[in-house]
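Hi everyone, thanks for coming. I'd like to take a few minutes to walk you through one model, so have a look at the screen with me.

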Amino acid sequence: MIDLDMVTSDKFREVMSNFATGITVVTTVDKHGKPYGLTVNSFTSVSLDPVLVLVCLDNRLSGFVSFKNCKKFGVSMLSEHQEDLSRMFAKKDSERPPNIYVEGKLGMPLLRNALAVMECEAVEMYAGGDHTIFLGEVKTAEVFEAGMNPLLYFRGKYRGLKGN
Ligand SMILES: Cc1cc2nc3c(=O)[nH]c(=O)nc-3n(C[C@H](O)[C@H](O)[C@H](O)COP(=O)(O)OP(=O)(O)OC[C@H]3O[C@@H](n4cnc5c(N)ncnc54)[C@H](O)[C@@H]3O)c2cc1C
């Protein structure tokens, strides 16, 4: 038997950082219609029939109530040219200018020049420790930039498909 240590939150972070992901910006609107978004890599495809995805959102996010109240969210998958946007949407209190968005059919703010986008209706919200799992039924979806490569995140660093 291999002698593995019991996990701590630091070890969990270190281990999880080995799981390479794409990067999305997940958005919604507040009660005044103002866009709110954050960088998210917990985005996962769940089901084809019905078409479902999930995102896990930190319960302490400043915009958390907006996600709960609006019950709709947008997902923009970032391209390798959008690292600056990922950094901006991961930074507390950063200025996120409204002109970076285009409005989807469901009224969700979506990022211009994203690889692909979708709008979802939140059909379930599950408690998941210090996060909440938002299960979304995908209502609209489109590929914006078919020829571009994705932005990747691995071991705490942004990467491209070729490594860097
Ligand atoms: C690659 C990457 C992937 C990410 N994926 C996810 C994801 O899947 N889900 C997710 O929820 N976030 C994720 N984040 C973090 C998220 O992007 C940022 O926390 C968020 O964008 C910060 O912006 P904000 O203005 O909403 O900050 P705020 O909502 O103001 O706060 C940001 C963070 O500060 C902390 N915080 C706020 N209030 C308190 C408080 N009272 N006490 C203690 N701590 C507090 C929380 O951790 C909170 O998430 C990711 C970040 C990166 C870089």
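I'll go through the sheet, then the ligand shell, then one loop residue.

Two notes before that. This is a predicted model, where local features need pLDDT of at least 70, side-chain atom pairs count only at pLDDT 80 or more, and totals for chains, interfaces and linings use all residues. Residues are numbered from 1 along each chain as its sequence is written.

So, the sheet. It is open and has seven strands, in the order β3-β2-β6-β9-β10-β5-β4, with antiparallel pairing. At the edges sit β3 (35-40) and β4 (44-47), each pairing on one side only. Strands here are DSSP runs of E, at least two residues, helices are runs of H or I, at least four, and both are numbered from the N terminus; two strands pair if DSSP finds at least two bridges between them. β4 pairs with β5 (residues 52-58) over three bridges, in the antiparallel sense, and T44 stands opposite L54 in β5.

Now, which residues are closest to the ligand? They are L38, T39, S42, D58 and S62, out of 18 that surround the ligand, counting a residue as near if its C-beta atom, placed from the backbone, lies within 6 Å. β3 and β5 are the elements that give two or more residues to this shell.

Last stop: R60, in the loop between β5 and α2 (64-70). R60 counts as exposed because it has 8 C-beta neighbours inside 10 Å; the cut-offs are 12 or fewer for exposed, 20 or more for buried, and partly exposed in between, with C-beta atoms placed from the backbone. The C-alpha atoms of R60 and P98 are separated by 23 Å, with these positions 38 residues apart along the chain.
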